[in-house]
Amino acid sequence: MAKINSNYLLLPNSYLFAEIARKVNAYMQANPKADIIKMGIGDVTMPLTSAVTCAMEKAAKEMGNKETFRGYGPEQGYDFLIDAVIKGEYKSRNIDISHDEIFISDGSKCDVANIQEIFDINSTIAIADPVYPVYLDSNVMAGRSGALNNNGYFEKIIYMPSTKENNFKPSFPSRHADLIYICSPNNPTGAALTKDELKAWVDYALENNSIILYDSAYSAYIQEENVCGSIYEISEACKCAIEFKSFSKTAGFTGIRCAFTVVPKELYAFDDKGNKVELNRLWNRRQTTKFNGVSYVTQRAAEAVYSIEGMKETKEVISYYMDNAKIILDGLKQAGFEAYGGVNAPYIWWKIPNNIKSFDFLDILLNKYQIVGTPGSGFGPSGEGYFRLTAFGNKEKTKEAMQRIIKGGF
Ligand SMILES: *Cc1c(COP(=O)(O)O)cnc(C)c1O
């Protein structure tokens, strides 16, 4: 008799997004003429830029030609893309990253979910709260979480609450953590660690023998000078941090899939006998066994993001989204609300007034303004009382949404 991995049963049903969709659909059926503005999506809406699609067309033609056809590529990614990443992301920031420290993949979601496999099952895990749910769920599935208690916390996970009191920047873990997941700029709060704050984390990790798993999917959205585009801008971070970056939000690759993970050669953890083992070697082993590379066409598309045209176009798209972020932030404030984020990330973290639960606020917004967003409680217990709006929508619709809120008051 086959038995399941019962850790999966520890995960509560992911009813949140299904429940949001159900409520919106029910509202639409009851009010077929309603002009609903969707501000809940964590996905880009602007198309790929022409530098990217041109590169894809060219690569597709190569694949249809006997002389230039390619089969399996290197699991770690093609040299041309790794070189472009080193130049575009690291040399440009005066960071030395070598070729074999970069692993091209088909998404940061799978990388941040899979990375825990190379660590011991008894590793202690610290996770910001609220945050992108993948870090927690992947550790629950692996069996590191213990049971879920009534307050919504897993017993063995160290939560790092990110609240108004600490400007939504997680404080150091309350006890030793082997692995520390940090997402900056943060999804969902939009908060970004300053260079000094990031340095404090690196110092902490080096002192405490922790490894930082640094998800920087939104680094292209950073507008402020004192926020780092890579954790390796902090000296010695390559001794304590793995960095995850993605083309998804940077260049609209959510549908075509490309990302990369940096595992520095200087980074190691210990085996049972206390010997040092390079994490780079383990991740390489893991990827070459369980992953077979990103398609050639997609990697050519990603390479084009770093071309002069590509960088210019990408910047324009990001400005479009960040203008929306400003419209939302200013609009909510003008309407008398407290709102955060939206400066270095396409997310606005809206404080819900009058102690209304974030899930109930969904109904209020839908009924009163025909606006959809995401209840903060979906990102962790500390997200309760907040609501996430995203800047990925259409500018006119975004303005219209804010007009509704300003006019309607609360
Ligand atoms: C969108 C997002 C990603 C990107 O995931 P992909 O699999 O590369 O599309 C990673 N981390 C966070 C926090 C995100 O919001």
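How many bridges pair strand 11 and strand 12, and in which sense? The answer is three, in the antiparallel sense. With that as a way in, here are my notes on this predicted model.

1. **The sheet.** Strands 11, 12, 15 and 14 follow one another in that order in an open, four-stranded sheet with antiparallel pairing. Strand 11 (339-341) and strand 14 are the edge strands; each has a single partner, so one side of each has no neighbour in the sheet. If you would like a residue to start from, look at Y340, whose bridge partner in strand 12 is W349.

2. **Partners of strand 15.** Going on across the sheet, strand 12 (residues 347-351) and strand 15 are joined over five bridges and run antiparallel. Y347 is a handy marker here, with T390 of strand 15 as its bridge partner. Strand 14 (residues 374-375) is also antiparallel to strand 15, and two bridges join them. One of the pairs to look for is P375 with F387 of strand 15.

3. **Burial of strand 15.** Five of the five residues in strand 15 (residues 386-390) are buried, so the rest of the structure largely encloses this strand. Side chains in a regular strand alternate between the two faces of the sheet. In strand 15, Y386, R388 and T390 point one way, while F387 and L389 point the other way, and all are buried. I would draw your eye to R388, which is among these buried residues.

4. **The nonpolar cores.** The largest nonpolar core holds 80 residues, and I102 and F247 have the most contacts inside it. Helix 3 (residues 79-90) gives the largest share of this core, with seven residues. Apart from it there is another core of 41 residues, including V317, L332, L365 and L389. L389 also belongs to strand 15, where it is buried.

5. **Around F247.** Once neighbours within four places in sequence are set aside, the contacts of F247 include L81, V85, F253, F260 and Y306. G252, C258, A259, A302 and V305 are in contact with F247 as well.

6. **The ligand site.** Which residues come nearest to the ligand? Of the 14 around it, they are Y218, S246, S248, K249 and R257. A polar side-chain atom of S246 is 2.6 Å from a ligand oxygen, and the side chain of S248 has an N or O atom 2.6 Å from an oxygen atom of the ligand. For the side chain of N187, the corresponding distance to a ligand oxygen is 2.9 Å. On its own the ligand has 390 Å² of accessible area, and the protein covers 94% of that. Helix 4 (108-114) and helix 7 (247-251) are the elements that give two or more residues to the surrounding shell.

7. **Helix 9.** Eight of the 10 residues of helix 9 (residues 296-305) are buried, leaving the helix mostly covered. Among them are Y296, Q299, A302 and V305. The buried residues pack against helix 2 (50-63), helix 3, strand 2 (102-105), helix 7 and helix 10 (308-334).

8. **T314.** Is T314, a residue of helix 10, buried or exposed? T314 has a relative accessible area of 9%, so it is buried. Beyond its neighbours within four places in sequence, T314 is in contact with T49, T250, A251 and V305. V305 is one of the buried residues of helix 9 and is also in contact with F247.

Notes
Residues are numbered from 1 along each chain as its sequence is written. This is a predicted model: local features need pLDDT of at least 70, side-chain atom pairs count only at pLDDT 80 or more; totals for chains, interfaces and linings use all residues. Side-chain values use heavy atoms; hydrogens and water are left out. A nonpolar core is a set of buried Ala, Val, Leu, Ile, Met, Phe, Trp, Tyr and Cys residues joined through side-chain atoms within 4.5 Å. Buried means under 20% relative accessible area, exposed over 50%, partly exposed in between (1.4 Å probe, protein chains only). Contact means heavy atoms within 4.5 Å. Two strands pair if DSSP finds at least two bridges between them. A residue is near a molecule or strand if one of its heavy atoms lies within 4 Å of it. A polar contact is a pair of N or O atoms within 3.5 Å; within protein, one must be able to donate a hydrogen and the other to accept it, and residues adjacent in sequence count only if both atoms are side-chain atoms. Accessible areas come from the Shrake-Rupley method with a 1.4 Å probe; for residues, only the protein chains shown count as cover.
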